[in-house]
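The following note sets out, point by point, what may be read from the coordinates of this protein. It is intended to be followed with the structure open alongside.

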Amino acid sequence: MAVEPSLSPRSPASPPRRHVLGAALAVGAVGATGRGAAAAAAGPVAARERREAEPGDPWARVLDDADPVWRRLPAAWHEAPFLGNALLGSQVYAEPDANAVRFTVQHSEVQDHRPEFGALFGLARLPVGHFTLEPAGRITAVDWRLRLRDAELTGTVTTDRGTLTVRALVHTSRSVLAVEVVPSAGERAFRWVFHPAEAISPRAAFKPAPEGYTGNPPARIEEHTEARAAVQPLLAGGEHVTAWRERTGGHGARTLYAAVVPARPRRAVRRRALRTVRDAAALPYDALAADHRTWWHSYFRRGFLSVPDARLQRFYWIQLYKAASAARAAAPVMATCGPWLEPTPWPATWWNLNVQLEYWPIHGANHLELDAVTRALGEYREALSEQLEAPYRAGCAGIPRTTDRFLRGGTAVPGGGYPVGVPGQDPPAPEVGNLTWALHNVWLTYRHTMDEGVLRDVLFPLLRKAVAYYLRFLERGPDGRLHLPATFSPEYGVDARDCTFDLALLRWGCATLLDAARTLGVSDPAADRWREVLARLAPYAVNGDGFMIGAGVPFAKSHRHYSHLLAVYPLYEITWEQPEHRELIETSLRHWVGFEGALQGYTFTGAASMCAQMGRGDEALGHLRTLLDRFIRPNTMYEESGPVIETPLSAAQSLHDMLCQSWGGVIRVFPAVPASWREVRLHDFRTQGAFLLSAARTGGRTRWVRVFSEAGAPCVVRHSLPGPVAITDGHGRPLPYEESGPGTVRLRLPRGGTALLAPPGERPDTRPAPVTPDGPAPRWGLPD
């Protein structure tokens with residue numbers, strides 16, 4: 001049986017200890033299982049009797065509790081249920097001005113291929129289309145539930161003629177949308193209709209298009225023996241194809257199967273789309289769903305987190321669902337909207353903050369199988385040099401602010417995109433440091449896995465080139481310091497010499513290269529230059545309001561971006577644990593967040609993480625509550641003129657930062673827990689050093705901490721346990737340790753070793769368990 005390539009190289013229940021880039025490319029196929037056939041024999045009516053959380057299964061309990069519900073028909077994408085597998089994405093909401101339900105069909109690899117019009121037009125993501133479920137009667141009500149654990153939408157559509165019972169999924173490894181509908185007698189005449197979208201950059205509805213740019217020709221609807229197909233020709237050549245068909249089953253069920261295949265040079269995409277639908281439709285819905293559900297159940301069991309704030313805990317688990325719906329290592333790096341393309345001025349991948357924030361939570365949540373950034377930067381590294389201006393390509397690399405899935409920015413045409421900046425050029429250039437910042441994400445992957453393949457094959461060679469680009473422009477000033485000419489702090493709108501954003505990234509880059517060279521045993525001829533930069537680079541410009549944008553440019557207007565604060569977070573170069581910097585950090589944070597007017601959602605996730613570094617859990621929680629109250633939509637999506645996926649995902653990382661931090665070689669357990677959170681549980685939380693941390697807090701006190709070492713790296717734990725501590729191995733035997741500070745121990749853990757920290761004489765139950773919520777909270781979705 002032919003199936004789509006799997007996006008997951010192996011079950012997420014057993015993470016690979018090998019080169020992440022290699023794992024991303026080693027994709028396999030997933031087929032139907034015997035369990036699926038057995039489930040199909042029970043029939044769709046029996047299968048519809050869904051079991052709730054199994055007693056004693058903590059994952060089932062927290063996920064069932066987090067399921068969003070809809071008691072009224074969502075009117076738009078930001079209210080809607082969403083399904084996806086990082087390639088194919090679908091959202092479900094009311095068809096505007098019609099008695100129908102829309103199921104969108106979008107694909108993260110469907111884009112235009114005209115680089116002469118830039119990343120935002122000529123290489124933009126292109127809309128595919130949508131299906132409408134058109135009932136015989138007038139829609140009067142819906143009752144839906146997005147079952148996170150199964151990644152499946154279930155429920156009913158009620159009309160004045162009867163009901164339509166619906167189940168829908170986007171299969172985790174096949175690019176197939178499957179929607180089973182069981183109609184009552186009065187609704188047997190319902191129908192499906194496909195509506196191709198106009199294949200034009202969504203940005204054209206918001207911004208003037210480059211001269212000469214037009215949309216692509218209309219799609220052609222074709223009838224084939226086994227299915228229908230919408231063939232979308234492209235002016236650049238080739239076509240993408242959407243294919244679909246229905247299968248009729250027992251109990252009156254009718255199941256729609258739909259697939260999208262993007263344009264691929266010299267490949268018969270029409271035949272592939274038809275084959276994908278044919279093979280999927282050979283299976284009843286439950287047989288198709290069997291391995292899909294198994295994958296998702298295993299995915300969630302990679303880690304566990306529970307806090308007493310029910311609203312925030314539900315939000316968190318929805319973000320983990322969203323992350324795996326939008327990201328896989330073998331998929332494109334997430335565009336700003338994920339796989340769910342809607343009207344937006346941002347139909348590309350954005351590298352001056354969005355990508356970085358999108359992928360931060362995958363590390364602590366123990367989901368490195370979602371890391372597309374490491375894979376893409378390694379696979380398309382040649383593009384990172386080719387897009388620099390010709391004099392700088394040799395030995396240097398950079399990335400434009402916006403790219404397509406191949407990391408191409410396209411030709412620099414007015415309004416078409418943003419090239420890599422050249423320091424000192426006039427007029428002000430777009431950002432220079434985007435690649436260096438993106439490589440910080442790769443460094444996080446290395447640090448959380450200790451996989452030297454990532455360090456050797458991706459991080460070191462690319463960071464060397466990114467830093468080399470900076471070094472081409474450093475100038476020695478009369479003060480003996482090394483200075484940068486004018487560069488551009490992301491989105492502030494004014495260029496500045498010795499830009500704080502760039503100085504922070506350059507310092508981090510040089511220090512990381514020196515560390516990497518030592519780890520890899522490399523004697524690099526540029527090492528002396530990196531040391532000189534660290535010794536002589538110009539200091540950050542500061543004034544009475546804290547960090548400035550750069551030399552002579554104060555932070556003097558409301559600004560959503562924390563580009564000028566990267567040295568504090570996420571780089572942790574200037575930290576709260578350095579007393580001499582506390583006043584500067586506090587002044588800068590207060591000035592930034594207090595400057596109302598242009599603040600947006602990710603302002604408050606950044607502020608929450610900085611407060612967490614300061615150990616201020618109540619303030620961090622306050623910023624997250626501001627985010628949820630002011631910016632997050634009913635389905636946990638977020639928008640700024642269009643869908644922007646990074647902010648809710650980064651809020652999950654802010655929660656991580658409140659519960660565990662591992663920067664600077666120290667694992668900090670419960671560093672910023674709000675005073676009202678008397679109970680907290682973590683299980684298999686991944687930290688730097690490739691440790692899996694589990695811990696429990698009850699009665700407002702840490703009760704035990706367990707650390708498992710995957711790599712045998714040095715282990716220092718600030719455990720937050722009060723009073724005396726006994727440390728034992730996985731067999732209950734005492735482990736030697738050293739006190740390295742108040743409440744901090746240094747352990748010698750070999751690869752595969754475990755340490756349990758608890759009060760003497762106690763044998764805690766270390767199994768994961770949900771904590772007691774501190775009060776009722778409405779579900780996400782439209783529960784009213």
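1. Pro 570 is found in the loop between strand S23 (546-547) and helix H16 (582-594). The model is a predicted one, and in it the peptide bond joining Tyr 569 to Pro 570 is cis, with an omega of about 15 degrees. Most peptide bonds are trans, and most residues other than glycine have a negative phi. The bond before Pro 570 may therefore be inspected as a cis peptide bond, together with the two residues taken up next.

2. Asn 366 is not a glycine, yet its phi is positive, at about 70 degrees. The residue is found in the loop between H9 and helix H10 (372-379). Is Asn 366 buried or exposed? With a relative accessible area of 3%, Asn 366 is buried, since the cut-off for that term is under 20%.

3. Ala 690 likewise is a residue other than glycine with a positive phi, near 60 degrees. Its place is the loop between S26 and strand S27 (691-698). The relative accessible area of Ala 690 is 0%, so this residue also counts as buried.

4. Which residues touch the most other members of the largest nonpolar core? They are Phe 103, Phe 300, Trp 317, Leu 377, Trp 530, Tyr 562 and Trp 677, in a core of 214 residues. Helix H13 (residues 452-471) supplies the largest share of this core, namely 13 residues. Apart from this core lies another, of 22 residues, which includes Leu 169, Val 261, Ala 273 and Leu 283. In soluble globular proteins, nonpolar side chains tend to be buried together.

5. Trp 677, one of the residues that touch the most other members of the largest core, deserves a closer look. Beyond its neighbours within four places in sequence, Trp 677 is in contact with Val 307, Pro 308, Asp 309 and Leu 312, and also with Leu 621, Leu 655, Met 658, Leu 659 and Arg 697.

6. Thr 500 belongs to helix H14 (residues 500-520). Its relative accessibility is 1%, and Thr 500 therefore counts as buried. A polar atom of its side chain lies 2.7 Å from the backbone oxygen of Met 548. Met 548 is also among the contacts of Thr 500 outside its neighbours within four places in sequence, the others being Tyr 540, Ala 541, Phe 547, Ile 549, Gly 550 and His 564. The C-alpha atoms of Thr 500 and Gly 550 are separated by 5.2 Å, although the two residues are 50 residues apart along the chain.

7. H14 also contributes to the largest pocket, giving seven residues, the largest share of its lining. The volume of this pocket is about 790 Å³. Of its 37 lining residues, Trp 443, Arg 447, Trp 663, Gly 664 and Gln 688 lie nearest the centre. Besides H14, two or more residues each come from helix H9 (361-364), helix H12 (434-449), helix H19 (646-659), strand S24 (660-661) and strand S26 (680-687). By class, the lining comprises 16 nonpolar, 15 polar and six charged residues.

8. How many cavities of 30 Å³ or more does the structure hold? There are seven. The second largest encloses about 120 Å³ of space. Its lining consists of 18 residues, with Ser 108, Arg 125, Val 333, Ala 335 and Thr 349 nearest its centre. Ten of the lining residues are nonpolar, five are polar and three are charged.

9. Asn 354 lies in helix H8 (residues 354-359) and, at 8% relative accessibility, counts as buried. Its side chain makes a polar contact of 2.7 Å with the side chain of Glu 646. Leaving aside neighbours within four places in sequence, Asn 354 is in contact with Thr 336, Val 644 and Glu 646. Asn 354 and Arg 529, by contrast, are 31 Å apart from C-alpha to C-alpha and 175 residues apart in sequence.

10. Glu 222 is located in strand S11 (residues 220-223). Its relative accessible area is 17%, and it is therefore classed as buried, the limit being under 20%. The side chains of Glu 222 and His 224 make a polar contact at 2.9 Å. Excluding neighbours within four places in sequence, the contacts of Glu 222 are Ala 227, Arg 228, Ala 229, Val 231 and Arg 270.

Methods
Residues numbered from 1 in each chain as written. Predicted model: local features only at pLDDT ≥ 70, side-chain atom pairs only at ≥ 80, totals over all residues. Heavy atoms only, no water. Core = buried A, V, L, I, M, F, W, Y, C linked by side-chain atoms within 4.5 Å. Buried < 20%, exposed > 50% of the residue type's maximum accessible area, 1.4 Å probe, protein only. Helix = DSSP H or I, 4+ residues; strand = E, 2+ residues; numbered from the N terminus. Contact = heavy atoms within 4.5 Å. Polar contact = N/O pair within 3.5 Å; in protein donor to acceptor, adjacent residues only side chain to side chain. 1 Å grid on protein atoms, 1.4 Å probe; cavity = no way out; pocket = protein on both sides within 12 Å on 5 of 7 lines; lining within 4 Å. Points joined across faces, edges and corners; volume = space filled by probe spheres on them. Nonpolar A, V, L, I, M, F, W, Y, C, P; charged D, E, K, R; others polar.
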